[in-house]
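Got your viewer open? Here is a short tour, stop by stop, with something to select each time.

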Amino acid sequence: MLDFGVISANFKFLIVQGLFGLGGFAGGTLRLAIPAIVLGFVLGIFIGLARLTPSRLISVLATLYVEFFRGVPLVMVIFWIWFIIPQILRLPIPEYGVALTAFVVFEAAYFGEIVRAGIQSVPRGQVEAATAVGLTRAQTMRFVVLPQAIRNMVPALVTQMIVLFKDTSLASIIGYVDLTKAAQIVNNREIKPFELYLFIAVVYFIFTYSMSRFARRFERRLTPA
Amino acid sequence: MADAAIRFRDVNKWFGKHQVLADINLAVSPGEVMVVCGPSGSGKSTLIRCVNGLEAIQGGDLVVLGESIVRSGVSMSALRTRVGMVFQSFNLFPHMTVLENIMLAPVRVRGLSATEAEKTARTLLARVRIPDKAENYPANLSGGQQQRVAIARALAMQPKIMLFDEPTSALDPEMINEVLDVMTDLAKEGMTMMVVTHEMGFARRVAHRVVFMDAGRVVEEATPDAFFAAPKSERAKDFLSKILSH
Ligand SMILES: Nc1ncnc2c1ncn2[C@@H]1O[C@H](COP(=O)(O)OP(=O)(O)O)[C@@H](O)[C@H]1O
Ligand SMILES: [Mg+2]
């Protein structure tokens, strides 16, 4: 029979440590996912814009960045930062720093592509009309291109954020105690895999489902009547 | 004619190796309406897009409102506030209301207050005969209404010159006249205009001069009466017979 007592007995460890990252261990799914999403997106905006600049050097560098990180597995990026960077810098990097850096640099490549595609989805005529009334390039970007681009980006952006959110479980390979790792730790002691992994699946689902619900509402609000 | 509003002097333009404008010499006087016609791909759009710097020229000189726009250091943004443009596909900003479309440049470029800009915008909407559409989004307007908003948006910067690139080509036939009427009003008020159009009725009634282009060159330049009565070149005759048989 299922015994969900294991959840209530370890609720604090699973949620406070595993989900929020408050506790004795370096960890926390939200503590990693939220800054990774925000910083990854911000870096992604710069990379997306860099790919579209008239400067060839900058756009080629940005393209290489994107192709490189899209071509390697995330786990490998985590391992590099975990094993190799500290040797080069001769400086230990804590688990949290490694995980966050890996996610930000890796995900920025994907966010950058979404930003680039979103900007390119705005018809050329929009830029020409804005230019023709005297707006500068920056004003054209800010008032005409980006508002339309963001609307077009929302679905892909939210999908990527959901992927990132779920991928944070990969950080457990360097001992980062996120929700998945916390469940594993409890399971090693209590041997209740069904209850524990069902529980964390529900927690993951609650977050990802809210994200897509929120996105849908946001999209509707952005659509002109 | 030292005081032409627009003067092309031996203007040449290439896209890569492909020459699109060849030795263009044209002058448009203040208050003049010049209609540009010619077959598709002859360089009409490119010609007028040079006037507000949407396209750069590679040879010759182009003087707009007394200032050469090929000189380095010339402010393109300042030029564009004095030259309005209307496109074939309207290009209204879909995420803004009609009012916001018209107010954007006056507020952001001219630095007008929102109140002032709104007052001007409403006056312009009355002038293009759609005062009641101010709060609508472009998607809820007919093509003819959208194009009139586009004209109002360009006029909001109080330009000295207006450029029209096939403003009625994307419209259903029953909406063409509502746009041409607004353009005719504008011409009567003395606006300097370069109009790419195949509306030969409009050219006959409103234009002071017709320019016929082919393969990047100005082939003929004449008053509408002379041009329609007796086009000189074979290519213009050919073109006219095709257009008028429609
Ligand atoms: N951005 C561009 N890049 C390359 N070729 C272009 C571009 N715009 C126009 N052309 C070419 O220049 C020529 C003239 O085009 P255009 O001025 O649009 O002609 P029209 O308006 O008379 O139809 C055409 O051969 C067209 O293919
Ligand atoms: Mg054209």
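Start with the largest pocket, which holds about 710 Å³ of space. What you are looking at is a predicted model. Finding a pocket like this is a matter of rolling a probe the size of a water molecule over the atoms, which shows where empty space is left.

To get your bearings there, select L52(A), V127(A), R137(A), T140(A) and M141(A): of the 20 residues that line the pocket, these are the closest to its centre. Now colour four helices of chain A, namely α3 (29-52), α6 (95-120), α7 (124-132) and α8 (137-167); these are the elements that each give two or more residues to the lining. What is the lining made of, by class? Ten of its residues are nonpolar, six are polar and four are charged.

**Zoom out to chain A**

Show chain A as a cartoon. You should find ten helices and zero strands, so reading from the N terminus on, the elements simply go α-α-α-α-α-α-α-α-α-α. The C-alpha trace spans about 70 × 50 × 25 Å along its principal axes.

Next, switch on a surface for chain A. About 11,700 Å² is exposed, and carbon and sulfur atoms supply 69% of that. Of the 225 residues in this chain, 44% count as buried. Contacts also reach across the sequence: among those between residues at least 6 apart, 72% join residues at least 24 apart.

**Two stops on chain A**

Select K12(A), in helix α2 (residues 11-19). Is K12(A) buried or exposed? The relative accessible area of K12(A) is 65%, so this residue counts as exposed. For a distance to try out, pick K12(A) and L22(A): they are ten residues apart in sequence, and their C-alpha atoms are 9.9 Å apart in space.

Then jump to L222(A), which sits in helix α10 (residues 193-222). With a relative accessible area of 30%, L222(A) is partly exposed. Leaving aside residues up to four places away in sequence, L222(A) touches R151(A) and V154(A). Select Q148(A) too: 74 residues separate Q148(A) and L222(A) along the chain, yet their C-alpha atoms are 9.0 Å apart.

**Where the chains meet**

Bring chain B into view. Here 23 residues of chain B are in contact with 18 residues of chain A. The area buried between the two chains is about 1,700 Å², and carbon and sulfur atoms give 64% of it. Which three residues should you select on the chain B side? Pick F93(B), H95(B) and R108(B), which supply 28% of the area that chain B buries against chain A, more than any other three residues.

**Inside chain B**

Select A117(B) in helix α4 (residues 114-127). A117(B) counts as buried because its relative accessibility is 3%, under the 20% cut-off. Show the neighbours of A117(B) as sticks: beyond residues up to four places away in sequence, A117(B) touches M103(B), P106(B), V107(B) and L112(B). For a long stretch across the chain, draw a line from A117(B) to N12(B); these two are 105 residues apart along the chain, and 39 Å separates their C-alpha atoms.

Move on to D165(B), in strand β7 (residues 161-165). At 10% relative accessibility, D165(B) counts as buried too. Not counting residues up to four places away in sequence, D165(B) touches S45(B), I48(B), V86(B), F87(B), Q88(B) and V196(B). Add T192(B) to the selection: D165(B) and T192(B) are 27 residues apart in sequence and 14 Å apart in space, C-alpha to C-alpha.

**Last stops: two backbone angles**

Most residues other than glycine have a negative phi. With that in mind, select L65(B), in the loop between β4 (59-64) and β5 (67-68). The phi of L65(B) is near 50°, a positive value in a residue other than glycine. L65(B) counts as partly exposed, at 25% relative accessibility.

Finish at R129(B), in the loop between α4 and α5 (143-155) of chain B. What is the phi of R129(B) near? The value is near 70°, again positive in a residue other than glycine. R129(B) has 42% relative accessibility, so R129(B) counts as partly exposed.

Terms used
Residues numbered from 1 in each chain as written. Chains lettered and ligands numbered in written order. Predicted model: local features only at pLDDT ≥ 70, side-chain atom pairs only at ≥ 80, totals over all residues. Heavy atoms only, no water. 1 Å grid on protein atoms, 1.4 Å probe; cavity = no way out; pocket = protein on both sides within 12 Å on 5 of 7 lines; lining within 4 Å. Points joined across faces, edges and corners; volume = space filled by probe spheres on them. Nonpolar A, V, L, I, M, F, W, Y, C, P; charged D, E, K, R; others polar. Buried < 20%, exposed > 50% of the residue type's maximum accessible area, 1.4 Å probe, protein only. Contact = heavy atoms within 4.5 Å. Areas by Shrake-Rupley, 256 points an atom, 1.4 Å probe, with all protein chains shown as cover. Buried area = accessible area lost by both parts, 1.4 Å probe.
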